[in-house]
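New to this one? Here's a quick tour to read with the structure open beside you.

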Amino acid sequence: MDKTKLINVPSDSMIPERDADREPILEARHLGIDFGGLRAVDDFNLTIGRTEIAGLIGPNGAGKTTIFNLLTKVYQPTRGTFLLDGRDTHGMTTSQINRAGIARTFQNIRLFDNLTVEDNVKVAMHNSMKYSMFGGILRLPRYWKEEKKAHEKALELLSIFDMADMADFKASSLPYGAQRRLEIVRALATEPSLLLLDEPAAGMNPSETAELMNNIRKIRDTFGIAIMLIEHDMNLVMGVCEGIAVLNFGKIIAKGTPEEIQSNPAVIEAYLGTDHNEKEDAAQ
């Protein structure tokens with residue numbers, strides 16, 4: 001991958017140099033949440049540039065999906081807040097966060113299995129559909145105009161991932177890799193400025209993972225948005241992410257470029273494994 005230069009920003013984080021003249025899309029400030037007496041996430045601080053591909057890694061149970069749930073307001077934080085495009089999100093709901101610009105996929109695929117591929121994408125466009133319930137029931141001209149726009153947009157999004165010819169297929173009939181792509185397309189249909197991918201390579205074979213890596217870059221370049229992914233496949237993370245944060249027991253223990261993370265002793269001990277360097281040496 002092309003090496004990206006990261007620069008320091010005032011919030012004690014780093015963003016790609018190309019994003020330095022624009023406000024970060026995300027600034028998490030001292031974010032934390034408790035469940036009863038358990039401090040699941042504590043003092044989480046992270047900044048993501050407007051076109052950055054960022055990674056969040058860590059052992060199972062480290063709190064990674066909890067972070068995504070905080071960023072999408074599935075959970076409300078016990079402490080701290082985060083800014084989305086410079087706007088404080090305190091008190092926002094999940095639907096408000098989605099309209100403000102965050103979309104996500106899930107570790108376990110969540111599609112409408114009995115709907116077509118196209119209809120799965122169009123479901124995500126409901127916020128942008130400009131006709132009333134009355135107009136929809138009576139099929140007034142405004143309804144047909146909006147449906148035509150939604151159809152065209154759905155096919156355009158699907159074509160980016162070579163899925164336009166699958167538009168009429170039922171979602172449940174797609175192979176696994178195509179279902180993963182469809183979930184990403186559906187998230188993009190909400191027109192996000194930040195896309196959260198929760199273990200997008202889970203269950204994929206090496207060729208599908210390589211295709212996913214290309215698609216992640218294509219999304220960033222085509223839509224000019226930021227992407228943050230949780231992933232255990234280190235080849236994918238190190239190959240596509242520009243900045244990486246490492247979480248352990250709900251706290252960030254390291255931030256940096258892929259090269260810095262791979263050589264960080266605390267990361268190696270906590271997550272990559274003490275034999276990581278030995279494996280690398282053997283592979284060289």
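Let's start in the middle of a sheet: Leu-196 stands opposite Met-228, a residue of strand S10. Keep in mind that this is a predicted model, with a pLDDT that averages 87 over the protein. From that pair of residues we can work outwards to the sheet, then the helices, and then a few spots worth a second look.

**The sheet**
- Strand S9, covering residues 194-198, pairs with S10 in the parallel sense, and five bridges link the two.
- Parallel is one of two options here, since strands of a sheet pair through backbone hydrogen bonds either that way or antiparallel.
- S9 and S10 belong to an open sheet of six strands, and reading across it gives S8-S9-S10-S5-S11-S12, with mixed pairing.
- At the edges you'll find strand S8 (102-104) and strand S12 (251-256); each has a single partner strand, so one side of each goes without a neighbour in the sheet.
- Going from one strand to the next, the twist averages 20°.

**Helices lying across it**
- Helix H7, made of residues 206-223, lies across S9, S10 and strand S5 (53-57), and runs at about 155° to S10.
- H6 lies across S8 and S9, and its angle to S9 is about 155°.

**Two residues with positive phi**
- Most residues other than glycine have a negative phi.
- Asp-43 goes the other way, with a positive phi near 55°.
- You'll find Asp-43 within strand S4, which spans residues 38-48.
- Is Asp-43 buried, exposed or partly exposed? Its relative accessibility is 37%, so Asp-43 counts as partly exposed.
- Asp-162 also has a positive phi, near 55°.
- This residue, Asp-162, sits in a loop, with helix H5 (141-160) on one side and helix H6 (176-188) on the other.
- Asp-162 has a relative accessible area of 60%, which means it is exposed.

**How far to trust the model**
- A pLDDT of at least 70 is reached by 85% of the residues.
- Which element has the highest mean pLDDT, and which the lowest? Strand S10 (residues 226-230) comes out highest at 98, while helix H11 (residues 276-283) is lowest at 43.
- Along residues 274-284 the pLDDT is below 50, and this stretch makes six contacts in the model beyond near neighbours in sequence.
- Where pLDDT is low, don't read the predicted coordinates in detail.

How values were computed: Residues are numbered from 1 along each chain as its sequence is written. This is a predicted model: local features need pLDDT of at least 70, side-chain atom pairs count only at pLDDT 80 or more; totals for chains, interfaces and linings use all residues. Side-chain values use heavy atoms; hydrogens and water are left out. Helices (H or I, at least four residues) and strands (E, at least two) are DSSP runs, numbered from the N terminus. Buried means under 20% relative accessible area, exposed over 50%, partly exposed in between (1.4 Å probe, protein chains only). pLDDT is the predictor's confidence in each residue, from 0 to 100. Contact means heavy atoms within 4.5 Å. Two strands pair if DSSP finds at least two bridges between them. Axes are lines fitted to C-alpha atoms, for helices over the stretch in contact, and angles run from 0 to 180 degrees between N-to-C directions.
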